[in-house]
Amino acid sequence: MSFLKCFLFLLIFFVSKNISAQENIDSTKTQKLNEVLISPIHINRDLQNSPASIGVLSEKELLRNNTTDISNVINTIPGVFMQSSNITTTRISIRGIGARTPYGTNKIRAFYGNIPLTSGNSETVIDDIDLQNINQVEVIKGPLSSIYGAGLGGAILISPETFNKGNYQTEISSVFGSFGLLKNRVGFNLNEKSASLNLSYHNLKTDGWRENSAYNREGITLGGELFRKKNSKLTYFSNYTYLKAYIPSSINKNTFENNPQAGAPTWVASKGFKEYKSTLAGLAYDFKLNDHLQNSTSVFINYKDSNEPRPFDILRQYTFASGVRTQFSGDFKLGKIKNQFIAGLEYFRDNYSGNTFQNLYQQNNGNGSLQGNQLTATDQKRDFYNIFSQIRTLLSEHFEIQAGLNYNKTKFELQNDFPASANNPKERYSYDGIFSPQLSFLYKPNEVRTFYFSVSRGFSLPATEETLTSTGNINSDIKPETGYNFELGGKLHFFNRKLYTEIAIYRMEIKDLLVAKRIGDDQYEGVNAGKTFHEGIEISLNHNWPMNRIFNLNSYIGTSIGNYEFKEFVDNENDFSGNKLTGVPANTASAGFTLNTNTGFYFTADFQFTDKIPMNDSNADYSDSYSLLNLKTGYQFEILSGLKAHFDAGINNVTNEKYASMILTNATAVGNVKPRFYYPGLPVNYYGIISLNYVF
């Protein structure tokens, strides 16, 4: 089915439901969509009054699938594309930004509360966090938020789960499903007048459906508030994660089509895996100085110790990051004109140590990886600070201006400790300071219509491997990517607030494009190779239809129609200018609904369409487009006063579509072996959920 046909079908379905809803409106109880509030760190918490395209996923939306994989739900946000293989190997791109990253996610900043999830080497990992510990996810698309570092792709803000339903709560749940899926979770929450505590433990396991793809993750999360008073509070948070995930890696086209459950032969033979322990921790103190000024100051640490045996070597990495962030916010008047402001400073220091060793798996009698002699040892320290400010000026009841400015200064030092040589002394380097301005105009003709126009500049720092030459020294020629984003949008309510619609049209040009040139099995060298061009339109609709006294239907549609291409790009004398940008589909669409009943039964259906994806810069190879259908039903009821039970059952990929859930961009052929572009997605799979919740 072509994208156009899919989109027209979804649009006709949605419009027909709207018409039916209006025909029955008089016979049903009016029920409006809830107003969406975004993080309190924003200059204005009302989503409709924010002159930016922000995708918001509520707690219910995050848990609408099997509570183990965030990619299913985050891909319902137009313009956001998350690829995932075996849960632990993921890549997120926003409007095409970050699509060419070989492994992982960069060019996007992420926060869990006030704690950065983005490391000093620009890598972002959000899939370690248990979905049941998240209250809300916000995705800011494009460099529209100066207070979050003005990342080119945008920012992902994850709000920790909070508890305010009573004094105490205990919860226990289990998820079980195909391919040995099992997740157990237990949680306890306490809420007193001056303090609160949220404690949870989870363990997630799966045998995997491919060779060498078993996965095991467990985590403990502790958070809450202390010394809570009318004008102040201390928030604390910590999260510990242990993970061991075997890696089947990517496969070539022939294997993908005929034997997708197979792993890459060398990864299977070496029993390659990723194992790490990580800890996030932070304290934040919020206090109100007076009726017009408040401050929030936080300190945080982010620690990770990892071990990754790969066929070509064994990689040991240690990272310890720490930082502080302080932010003042308030309001004032200039004559009769009201103003709100945010201003602050963020400092971040990252210490990275990486070591590689020989992998002697071929000499280990089929027992997998075996550590040999050391190959390299590198230490890097990276420091940066952001100075940020934003102001909102209400010129009239219908018109306002928002402006922001971010200044970033980054410096780092590198020490190659092994092999020892007089040619590898400690090197120091810093980028020129980067100013990232933002200006937005917002027109609000009434309480249910908002239109905005924004201009903003963003940047993306090179990852660690991109800062190095092939000899392991600092690449002084590398520069951060920068770009300007222009965006026009509207946020509109219809039918007495039962239909909410967002539309955004954007255009962005990135210069000094960072290209990771492969110089070895896992060695890349960064160069600034040209420019990319990103433009598109995003549309989302959310509708609440109270059918009668028993049934209520919530439905959504989202689509992104984009044009992403290389404007100027020459790599190794190959001119790719005008080619489609690698690793991102031009068009995506999603739709779904939840049918709720007042008896506790509900049913959900979700459909996602993904267009074909260019797999290399030459555009010689494309992945096939695909469509996925997921179904889920459940029943909630109260056993005793305060004690609730919840049962769910679901089917993912109902039509058993064969598709690539992740693409390895620019994979190269080795000898007679074809390029290994494909990470196969899960075939049809089933799951069930049982949970008990007691509030007292």
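1. Where is the place of Trp-267? Trp-267 sits in helix α5, which covers residues 265–270. Bear in mind that the model is predicted.

2. Trp-267 is buried, because its relative accessible area is 8%, and the cut-off for buried is under 20%. Beyond its neighbours within four places in sequence, Trp-267 contacts Asn-212, Ile-247, Pro-248, Ser-249 and Gly-272, among others. The list also includes Glu-308, Pro-309, Arg-310, Pro-311 and Phe-312. Arg-676 is a further contact of Trp-267.

3. One of these contacts can be described further. The side chains of Trp-267 and Ser-249 share a polar contact of 3.4 Å. Ser-122 is another matter. Its C-alpha lies 26 Å from that of Trp-267. In sequence, Trp-267 and Ser-122 are 145 residues apart.

4. Next, Asn-133. This residue belongs to the loop between β5 (115–116) and β6 (134–141). Is Asn-133 buried or exposed? Asn-133 is buried, because its relative accessible area is 6% and the cut-off is under 20%.

5. The side chain of Asn-133 makes a polar contact of 2.7 Å with the side chain of Arg-185. Arg-185 is also among the residues that Asn-133 touches, leaving out those up to four places away in sequence. The others are Tyr-112, Ser-159, Pro-160, Glu-161, Ser-200 and Thr-221.

6. Tyr-112 leads to the sheet. Tyr-112 has Ile-115, in β5, as its bridge partner. Strand β4 (residues 108–112) and β5 run antiparallel, and two bridges join them.

7. Which order do the five strands of the open sheet take? The order is β1-β6-β7-β4-β5, with mixed pairing. β1 (54–58) and β5 are the edge strands. Each has a single partner strand, so one side of each has no neighbour in the sheet.

8. Now the charged pairs. How many salt bridges does the structure hold? The structure holds 22 salt bridges. One of them joins the side chains of Arg-64 and Asp-606, at 3.0 Å from N to O. This pair links distant parts of the chain, 542 residues apart. Arg-64 is in the loop between α2 (59–62) and α3 (71–74), while Asp-606 is in strand β30 (residues 601–610). Both Arg-64 and Asp-606 are buried.

9. Lys-141 and Glu-538 form another salt bridge, with 3.1 Å between the closest N and O atoms. Lys-141 is in strand β6 and Glu-538 is in strand β26 (residues 530–546), so their bridge ties together parts 397 residues apart in sequence. Lys-141 and Glu-538 are both buried.

10. Arg-428 and Glu-413 also meet through their side chains in a salt bridge, at 3.4 Å from N to O. Arg-428 lies in strand β19 (residues 427–430) and Glu-413 in strand β18 (residues 399–418), so the pair ties together parts 15 residues apart in sequence. What is the relative accessible area of Arg-428? Arg-428 has 61% and is exposed, whereas Glu-413, at 18% relative accessibility, counts as buried.

11. Finally, a network. Arg-95, Lys-141, Glu-487 and Glu-538 are joined into one network by salt bridges that share partners.

Note on methods: Residues numbered from 1 in each chain as written. Predicted model: local features only at pLDDT ≥ 70, side-chain atom pairs only at ≥ 80, totals over all residues. Heavy atoms only, no water. Helix = DSSP H or I, 4+ residues; strand = E, 2+ residues; numbered from the N terminus. Buried < 20%, exposed > 50% of the residue type's maximum accessible area, 1.4 Å probe, protein only. Polar contact = N/O pair within 3.5 Å; in protein donor to acceptor, adjacent residues only side chain to side chain. Contact = heavy atoms within 4.5 Å. Salt bridge = Lys/Arg side-chain N within 4 Å of Asp/Glu carboxyl O. Pairing = 2+ DSSP bridges.
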